[in-house]
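Here are my notes on the model, set out as numbered points that can be followed alongside the coordinates. I begin with a single residue and work outward to the helix packing.

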Amino acid sequence: MSHSPESSGLLARISTAPGRGVGAVWALIALAMMLVGAVLVPAVLIGETDQVVLIRWFLGGNVLAFLGFLPLLRAVHALIGSTAMPAWTMAAAYAVLLIRPLALVPDMISAPTALLGTTGLLSSLLPYLLLATTGVAAGFAAWAMLPLAQSAASPGRRLAVAAGVGVLVALALFSFAPYIAPLSALGVAVALLIRSGRFDEKNGPAGQS
């Protein structure tokens, strides 16, 4: 099956790691989206009595925070610095990261009826299943860009590395959410700024961008 020039160009851009300076900007964007969505919006809603307004704004904040994982992945790619191989696995990682925020949009529109009407085992497991999608996305990304996964001797070992990364990310989110993602974004931003020379007093402000 042939690919259009547009899709091939998009895959090429996704698979290529951005510069460290650009990656730091992506990390700071991710940090801002997560803090606004997960911290600022709930704080503003304190004292709100209208349930429809409360639920819609709360879910909207979550959508914004979850979308912050997209620039965070771009920043992590800049930190690692390797070209994603194969490119489609990196595209799959971004696509899977969209599942979680998009799944909240119907509830945000129909609030509060949708939330009050959710009962049963599937409904109780759904938040955990959506949270696990971030681990799946991390596994795809690890398969695509981690040198350890790329240099694995066999597809089975490469899959084991990717699965291990995905499980670790999912467990971290289960244990420390919502704090782990903003802290990760901040850590990635600082690491990229240091590696780009922004904090290098000896060499001055110039560095790799």
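1. Ile14 has a relative accessible area of 17%, and because the cut-off for burial is under 20% it counts as buried. This residue lies in helix H1, which covers residues 5-15, and, once its neighbours within four places in sequence are left aside, Ile14 is in contact with Arg74, His77, Met90, Ala91 and Tyr94. Ile14 and Thr89 are 75 residues apart in sequence, while their C-alpha atoms are 9.9 Å apart in space. As with everything below, these values come from a predicted model.

2. One of the partners of Ile14 is Arg74, a residue of helix H4. Is Arg74 buried or exposed? Its relative accessibility is 17%, so Arg74 counts as buried despite carrying a side chain of the charged class. Not counting residues up to four places away in sequence, Arg74 touches Arg13, Ile14, Thr16, Pro18, Trp26 and Tyr94.

3. On the overall fold, the secondary structure of the protein comes to 11 helices and 0 strands, so that the order of elements from the N terminus is α-α-α-α-α-α-α-α-α-α-α. Of the 209 residues of the protein, 35% count as buried. Among contacts with a separation of 6 or more, 77% are between residues 24 or more positions apart.

4. Helix H5, residues 87-97, deserves a separate comment. In this helix 8 of the 11 residues are buried, and H5 is therefore largely enclosed by the rest of the structure. The buried residues are Ala87, Thr89, Met90, Ala92, Ala93, Tyr94, Val96 and Leu97; Met90 and Tyr94, which appear in that list, are also contacts of Ile14.

5. The loop between H4 and H5 should be inspected as well, since Pro86 is placed there. The peptide bond that leads from Met85 to Pro86 is cis, with omega near -10 degrees.

6. Which residues touch the most other members of the largest nonpolar core? In this core of 34 residues they are Phe69, Leu72, Leu73 and Met90. The elements that give two or more residues to the core are H2, helix H3 (51-67), H4 (69-80), H5, helix H8 (121-145) and H11. The most is given by H4, with 6 residues.

7. Leu72 shows how parts of this core meet. With residues up to four places away in sequence not counted, Leu72 touches Ala30, Met34, Ala181, Ser184, Ala185 and Val188. Ala30 and Met34 are among the residues that H2 brings to its contact with H11, and Ala181, Ala185 and Val188 are among those that H11 brings.

8. Helices H2 (residues 20-44) and H11 (residues 180-195) pack with their axes 8 Å apart and at an angle of about 160 degrees, and the two are therefore roughly antiparallel to each other. H2 passes H11 in a left-handed crossing. On the H2 side the contact includes Gly23, Ala27, Leu31 and Leu35, and on the H11 side it includes Pro182, Leu186, Ala189 and Leu193. By class, this contact of H2 with H11 has 15 nonpolar, 1 polar and 2 charged residues.

9. H2 also packs against H3, where the axes come within 6 Å and cross at roughly 160 degrees, and these two helices are therefore roughly antiparallel to each other. The crossing of H2 and H3 is left-handed. Here Met33, Met34, Val36, Gly37, Ala38, Val41 and Pro42 in H2 meet Trp57, Phe58, Gly61, Asn62, Leu64, Ala65 and Leu67 in H3. The contact of H2 with H3 has 11 nonpolar and 3 polar residues by class, and no charged residues. Met34 of H2 takes part in this contact with H3 and also in the contact with H11.

10. The axes of H4 and H11 come within 10 Å and cross at roughly 35 degrees, again in a left-handed crossing. From H4 the contact is made by Phe69, Leu72, Ala75, Val76, Ala78 and Leu79, and from H11 by Ala181, Ser184, Ala185, Val188, Ala191, Leu192 and Arg195. By class, the residues of the contact of H4 with H11 divide into 11 nonpolar, 1 polar and 1 charged.

Definitions and conventions
Residues are numbered from 1 along each chain as its sequence is written. This is a predicted model: local features need pLDDT of at least 70, side-chain atom pairs count only at pLDDT 80 or more; totals for chains, interfaces and linings use all residues. Side-chain values use heavy atoms; hydrogens and water are left out. Axes are lines fitted to C-alpha atoms, for helices over the stretch in contact, and angles run from 0 to 180 degrees between N-to-C directions. Helices (H or I, at least four residues) and strands (E, at least two) are DSSP runs, numbered from the N terminus. Angles under 35 degrees count as roughly parallel, over 145 as roughly antiparallel, 65 to 115 as roughly perpendicular and the rest as oblique. A crossing is left-handed if the near helix is turned anticlockwise from the far one by less than a right angle, and right-handed if clockwise. Contact means heavy atoms within 4.5 Å. Buried means under 20% relative accessible area, exposed over 50%, partly exposed in between (1.4 Å probe, protein chains only). A nonpolar core is a set of buried Ala, Val, Leu, Ile, Met, Phe, Trp, Tyr and Cys residues joined through side-chain atoms within 4.5 Å.
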